[in-house]
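This report concerns helix packing, enclosed space and local backbone geometry in a single protein model. The sequence and the structure are shown first.

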Amino acid sequence: HAAAPSTAPRMTAAPPTAPSSAKFWQLTDAEKYRSMQLPYAPSKPFSANYVPFSPAKGEEGLVLPLDQVVYRSPSGGLLEVQHDMEALGSVGPEEWKDLFDRRSGRTVWPYGSGVWSKKEWVLPGLPDDDVVSMFEGNSNVFWAERFGKEIGLDDLWIKQCGNTHTGSFKDLGMTVLVSQVNNMIKSGADIRAVGCASTGDTSAALAAYCASAGIPSIVFLPQDKITLSQLVQPISNGSIVISMDTDFDGCMKLIQQVVNEYPIYLANSMNSLRLEGQKTTSVEITQQFDWNVPDWVVIPGGNLGNVYAFYKGFKMMKELGLTNKMPRFAVAQAENANPLYRAFASGDLSNYKPITAQTTIASAIQIGDPVSIDRAIRALIECDGVVEQASEEEMMDVAARADRTGMFNCPHTGVALAALEKLVQKGTIQRSDRVVVVSTAHGLKFTDSKVKYHRGELDIKAHHMNKVIQVPADASRVIDAIRGRLQI
């Protein structure tokens with residue numbers, strides 16, 4: 001490996017890596033592991049701690065260790081994970097790029113994971129043996145060429161975050177949180193279980209990662225408001241599943257009461273550990289475009305933690321010199337659960353007020369009082385972002401149109417695509433802009449809504465339904481049916 005660049009004067013020599021002439025597949029396991037490390041060790045160790053997101057009076061300079069069971073600052077505000085940027089900056093940007101590229105997709109534990117390939121930027125002090133990973137991340141960016149042309153874009157991509165272990169982007173944050181809890185339990189912390197309130201995908205991720213680590217998990221779910229595919233995941237992974245006659249916001253209030261009284265660790269996005277994993281998607285997207293930042297990132301918005309996580313990832317890259325710009329953000333909300341959109345449409349994000357979310361097919365973002373609202377507002381302001389909404393009919397119609405170009409979209413991606421089309425029509429997003437839409441979950445988790453759409457069973461007008469043609473087992477009748485749809 002090359003020596004550290006002159007911009008990194010605080011580097012000291014590390015143990016030698018494998019000979020540079022050797023092919024990777026020729027290396028021993030020990031040599032492969034060494035090749036996954038920086039060629040030099042920083043003189044100042046990498047570290048991270050909790051700090052208040054918006055310090056109240058008297059909280060300036062407050063620093064809390066990541067192994068402390070704490071979710072809010074003393075004043076009740078949110079926390080965030082703050083890295084020692086001076087230590088990270090002692091490594092040159094080209095060194096970081098080379099390291100992340102070397103690790104990408106490998107089987108060397110734990111660096112092949114899309115999250116843990118950026119371990120120094122996530123949980124730098126965590127021992128490798130405490131990592132709980134299922135090779136999350138590394139999801140593809142799908143070039144949506146045909147759909148892009150339909151809506152007036154030449155450079156549209158879909159980041160398929162649902163192509164991961166439990167079928168949603170929640171794996172990216174849960175691997176970090178459960179890994180930290182695993183370390184805390186091993187160190188003697190009194191944690192009997194990990195719990196969360198969920199609209200479906202968070203519970204699936206929590207259940208799977210806790211099952212892998214042998215840690216009990218508890219999930220609070222709103223009754224009859226998640227799909228069977230989502231419900232069966234925590235059941236199968238052995239979670240204690242509690243279904244309640246309330247919405248997500250009600251479940252969230254109850255889980256906070258429970259964790260305040262019992263040794264159950266809170267896994268919701270109020271806990272900023274999860275955002276550390278989710279932010280690696282920003283790095284991964286940029287890496288997949290040869291370290292070029294897209295012009296726009298379109299993000300479905302519910303509890304809004306993902307909005308801030310993406311912002312953190314792009315900001316870290318810019319501050320450390322890997323990139324030279326920030327993308328603009330477009331947050332997409334369902335019209336039936338749109339508190340952020342209402343504030344944006346008023347012309348002043350400070351006008352935000354929580355609402356009671358109405359039922360939406362995009363159930364995972366059916367949230368009227370998002371925990372990460374302040375985080376999202378900061379991200380929008382600093383990224384010159386916009387917010388758009390989509391009705392039930394718009395999200396399902398656009399999802400159906402996109403599916404006909406080879407995708408298989410969840411309703412939340414439908415919200416993002418519908419919002420994107422509106423922004424293109426308004427001229428906010430230009431034809432030549434490189435746009436990345438974040439697909440947060442796999443369409444197979446939401447087949448019920450797709451089936452109902454194509455059967456015409458939803459309470460909307462389905463403009464692009466594709467009905468199954470039922471005919472007798474007779475060749476002439478089959479040909480007649482085909483001719484009704486195709487010229488042959």
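How are H5 and H6 oriented to each other? The model is a predicted one, and in it helix H5 (residues 170-186) packs against helix H6 (residues 201-213) at an angle of about 40°, the axes lying 9 Å apart. Angles under 35 degrees would count as roughly parallel and 65 to 115 as roughly perpendicular; H5 and H6 are therefore oblique to each other. Their crossing is right-handed. On the H5 side the contact is made by Lys170, Asp171, Met174, Thr175, Val178 and Asn182, and on the H6 side by Asp201, Thr202, Ala205, Leu206, Tyr209, Cys210 and Ala213. Sorted by class, the residues of this contact are seven nonpolar, three polar and three charged.

A second helix pair is formed by H10 (residues 280-288) and H11 (305-319). The axes of H10 and H11 come within 6 Å and cross at roughly 55°, and the two helices are therefore oblique to each other. H10 passes H11 in a right-handed crossing. From H10, the residues Thr281, Ser282, Val283, Ile285 and Thr286 meet Ala309, Phe310, Gly313, Phe314 and Met317 of H11. This contact has six nonpolar and four polar residues, and no charged ones.

The next topic is empty space within the model. The structure holds four cavities of 30 Å³ or more. The table lists the largest pocket and two of the cavities.

| Space | Volume | Lining by class |
|---|---|---|
| Largest pocket | about 470 Å³ | six nonpolar, six polar, six charged residues |
| Largest cavity | about 310 Å³ | nine nonpolar, 12 polar, three charged residues |
| Second largest cavity | about 60 Å³ | four nonpolar, seven polar, one charged residue |

The largest pocket has a volume of about 470 Å³. Its lining comprises 18 residues, of which Thr359, Thr360, Ile361, Ser449 and Lys452 are the closest to the centre. Helix H16 (residues 447-455) supplies the largest share of this lining, with three residues.

The largest cavity encloses about 310 Å³ of space. It is lined by 24 residues, and those closest to its centre are Phe169, Lys170, Asn303, Leu304 and Ala364. The elements giving two or more residues to this lining are H6, helix H9 (273-278) and H11. Lys170 thus appears both in this lining and in the contact of H5 with H6.

Which helix gives the most to the lining of the second largest cavity? That helix is H10, with three residues. The lining of this cavity includes Thr280, Thr281 and Glu284, together with Gly114, Val115, Gly137, Ser139, Cys161, Thr164, Ser168, Phe169 and Leu172. Phe169 is also among the residues closest to the centre of the largest cavity, and Thr281 takes part in the contact of H10 with H11.

Two features of the backbone remain to be described. The peptide bond from Trp109 to Pro110 is cis, with omega near -10°. Pro110 lies in the loop between helix H3 (93-103) and strand S5 (141-143). Asn138 is also placed in the loop between H3 and S5. Although Asn138 is not a glycine, it has a positive phi of about 55°.

Terms used:
Residues numbered from 1 in each chain as written. Predicted model: local features only at pLDDT ≥ 70, side-chain atom pairs only at ≥ 80, totals over all residues. Heavy atoms only, no water. Axes fitted to C-alpha atoms, helices over the stretch in contact; angles between N-to-C directions. Helix = DSSP H or I, 4+ residues; strand = E, 2+ residues; numbered from the N terminus. Parallel < 35°, antiparallel > 145°, perpendicular 65-115°, else oblique. Left-handed = near helix turned anticlockwise from the far one by under 90°. Contact = heavy atoms within 4.5 Å. Nonpolar A, V, L, I, M, F, W, Y, C, P; charged D, E, K, R; others polar. 1 Å grid on protein atoms, 1.4 Å probe; cavity = no way out; pocket = protein on both sides within 12 Å on 5 of 7 lines; lining within 4 Å. Points joined across faces, edges and corners; volume = space filled by probe spheres on them.
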